[in-house]
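Colleague: I'm new to this one and would like a quick tour. Could you put it up on the screen?

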Amino acid sequence: MSTHTKPLILGVSGASGLIYAVRALKFLLEADYRIELVASKSTYMVWQSEQNIRMPVEPAQQEQFWRQQAGVEGIGKLCCHSWSNVGANIASGSFRTLGMIVMPCSMATVGKLAAGLSSDLLERAADVQLKEGRKLILVPRETPFSLIHLRNLTTLAEAGVRIVPAIPAWYHNPKTIEDLVDFVVARALDQLDVDCIPIQRWQGRQD
């Protein structure tokens with residue numbers, strides 16, 4: 001049984017950079033969090049193009065798939081949802097959560113959320129966080145940003161969404177790709193007051 005009573009929603013959209021979602025899931029499950037995961041329809045395509053891997057369609061098979069990718073078995077609680085199941089628990093404001101993080105977040109998802117549109121469960125769950133005044137964190141993985149992207153992100157920031165671009169720092173002397181990824185994931189989770197990633201944080205200069 002997880003020691004964290006409220007679940008955290010992890011949304012995975014069809015942007016490049018699935019490693020961000022995998023690393024987030026690894027640390028959250030190891031810290032015994034309850035995770036409600038929903039991947040958009042285009043995420044299936046991204047797995048195929050980035051890793052040449054087929055992500056299962058059935059939620060039960062998806063749970064095993066994500067646990068295998070994260071290298072975490074039997075720890076934490078993971079529940080996967082189909083992108084089309086807009087009747088899932090996370091589609092309702094009465095289902096209480098710690099908040100939601102969308103990582104990576106595509107510009108298509110950003111645009112729909114900024115316009116108040118929700119055509120699938122990921123977008124609906126994010127819209128619920130907004131209307132309920134809960135924490136919503138987006139980790140956009142795009143470059144460069146167009147003026148339209150920036151305006152959409154500004155609209156969401158004005159609505160209270162935390163925007164954490166996938167931009168790593170270098171003061172912690174990263175040695176691997178995972179070091180760079182984990183820094184971004186940690187900073188995103190910081191917005192939810194979740195501290196479960198052992199990164200080297202800035203301690204200030206000693207003159």
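Modeller: Sure, one caution before we start. It's a predicted model, where local features need pLDDT of at least 70, side-chain atom pairs count only at pLDDT 80 or more, and totals for chains, interfaces and linings use all residues. Residues are numbered from 1 along each chain as its sequence is written, and side-chain values use heavy atoms, with hydrogens and water left out.

Colleague: In strand 1, which residue is the bridge partner that strand 2 offers to V12?

Modeller: Strands here are DSSP runs of E, at least two residues long, and helices are runs of H or I, at least four, numbered from the N terminus. Strand 1 (residues 8-12) and strand 2 (residues 34-39) are parallel, with five bridges; two strands count as paired if DSSP finds at least two bridges between them. Opposite V12, the partner in strand 2 is A39.

Colleague: And is strand 1 mostly covered or mostly open?

Modeller: L8, L10 and V12 point one way, while I9 and G11 point the other way. In a regular strand the side chains alternate between the two faces of the sheet. Buried means under 20% relative accessible area (exposed is over 50%, partly exposed in between, with a 1.4 Å probe and protein chains only). By that cut-off five of the five residues are buried, so strand 1 is mostly covered.

Colleague: What is the strand order in the open sheet?

Modeller: Strand 1 also runs parallel to strand 4 (residues 99-105), joined by four bridges, with L10 opposite I101. Strand 2 pairs in parallel with strand 3 over five bridges, and V38 stands opposite H81 there. The open sheet has six strands, paired in parallel, in the order 3-2-1-4-5-6.

Colleague: Which strands are at the edges?

Modeller: Look for strands that pair on one side only. Those are strand 3 (77-81) and strand 6 (162-163).

Colleague: How do helix 1 and helix 7 lie, roughly parallel or roughly perpendicular?

Modeller: Helix 1 (residues 18-30) sits with strand 1 and strand 2 in a right-handed β-α-β unit. Helix 1 packs on helix 7 (residues 177-190) at about 70°, with the axes 9 Å apart. Angles of 65 to 115 degrees count as roughly perpendicular, under 35 as roughly parallel, over 145 as roughly antiparallel and the rest as oblique. The two helices are therefore roughly perpendicular.

Conventions. Right-handed = clockwise from strand over helix to strand, strands pointing away. Axes fitted to C-alpha atoms, helices over the stretch in contact; angles between N-to-C directions.
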